[in-house]
Amino acid sequence: MRPARHRVHRTIAYAWVAPVTLAGLVLAGLALACGARARWVEGQLEVAGAHRLRGFGRWPPVRDFVAITLGHVILGRDHATLARWRRHEQAHVRQYERWGLLFWPLYLGASGWAWLRGREPYRDNPFEIEARRAEAE
């Protein structure tokens, strides 16, 4: 009985995040067309190595950008980097599963709130703090 309940839970989690994952799949398709490689890791699609997308490593324009998670799709500079940041990005996957489409406005709102309080919008964002905790485990 437990495995069936787990499958139902996973199906709901994937459906809840599907619109964001679709956006990630579109970007993944572009990256794959530009030479990236894809892997399935722990139920997520990891795509990295689109060397023909030279600006990818500089977008979004934040310090130390190495990866971005869009639902169940994780895009990164290369697979070694994704392996290094896997726990961090997996924490974002769980956040998407918890918040669904609300994740983006909540994340941006948390960054804005940090900035309004004179804090660092990325570093002091509670979603990033949670991901760094997961990374440290």
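How exposed is Arg98, in terms of relative accessibility? Arg98 comes out at 43%, so it counts as partly exposed; here buried means under 20% relative accessible area, exposed means over 50%, and partly exposed is what lies in between (1.4 Å probe, protein chains only). A word on the model before the views: it is predicted, so local features need pLDDT of at least 70 and side-chain atom pairs count only at pLDDT 80 or more, while totals for chains, interfaces and linings use all residues. Residues are numbered from 1 along each chain as its sequence is written, and side-chain values use heavy atoms, with hydrogens and water left out.

**View 1. The whole chain, with 4 helices and 4 strands.** Reading from the N terminus, the elements go α-β-β-β-β-α-α-α. These are DSSP runs numbered from the N terminus: helices are H or I with at least four residues, strands are E with at least two. Of the 137 residues, 38% count as buried. The accessible surface is about 8600 Å², with 63% of that belonging to carbon and sulfur atoms; areas come from the Shrake-Rupley method with a 1.4 Å probe, and for residues only the protein chains shown count as cover. Take the contacts (heavy atoms within 4.5 Å) with a separation of 6 or more: residues 24 or more positions apart account for 53% of them.

**View 2. The hairpin of β1 and β2.** Strand β1 (residues 37–41) pairs with β2 in the antiparallel sense, over 5 bridges. Pairing here takes at least two bridges found by DSSP between two strands. Arg37 sits opposite Ala48 in β2. The hairpin leaves 2 residues between its strands, and Glu42 in the turn has a positive phi of about 55 degrees.

**View 3. The hairpin of β3 and β4.** Here β3 (residues 67–70) and β4 (residues 73–76) run antiparallel, joined by 4 bridges. Thr69 has Ile74 of β4 as its bridge partner. There are 2 residues between these strands, and Gly71 in the turn shows a positive phi of about 65 degrees.

**View 4. Inside the largest nonpolar core.** A nonpolar core is a set of buried Ala, Val, Leu, Ile, Met, Phe, Trp, Tyr and Cys residues joined through side-chain atoms within 4.5 Å. This one has 17 residues, and Ala28, Val47, Leu75 and Tyr96 touch the most other members. At least two residues of this core come from each of α1, β2 (44–48), β4 and α3 (103–116). The largest share, 4 residues, is from α1. Zoom in on Tyr96: leaving out residues up to four places away in sequence, Tyr96 touches Trp16, Val17, Val20, Thr69, Leu70, Gly71, Phe103 and Trp104. A second, separate core of 6 residues includes Ala48, Val66, Ala67 and Ile74.

**View 5. Arg10 and Glu97, paired through their side chains.** Side chains of opposite charge can pair when their charged atoms come close. The salt-bridge rule asks for a side-chain nitrogen of Lys or Arg within 4 Å of a carboxyl oxygen of Asp or Glu, and the count by this rule is 5. In the salt bridge of Arg10 and Glu97, N and O are 2.8 Å apart. Arg10 is in helix α1 and Glu97 in helix α2 (residues 79–99), so the pair ties together parts 87 residues apart in sequence. Arg10 is partly exposed at 23% relative accessibility, while Glu97, at 17%, is buried.

**View 6. Two more salt bridges: Arg98 with Glu130 and Arg119 with Asp124.** For Arg98 and Glu130, the closest N and O atoms are 3.0 Å apart. This pair links distant parts of the chain, with Arg98 in helix α2, Glu130 in helix α4 (residues 126–136), and their positions 32 residues apart. Glu130 is partly exposed at 27% relative accessibility. The side chains of Arg119 and Asp124 meet at 3.4 Å, N to O. Arg119 has a relative accessible area of 40% and is partly exposed; Asp124, at 22%, is partly exposed too.

**View 7. A nonpolar surface patch of Leu22, Leu25 and Val26.** Together these residues have about 290 Å² of accessible area. Patch members have over 30% relative accessible area and no salt bridge; like charges are joined within 9 Å and nonpolar side chains (Val, Leu, Ile, Met, Phe, Trp, Tyr) within 5 Å. Leu25 belongs to helix α1 (residues 2–33) and is partly exposed at 40% relative accessibility.
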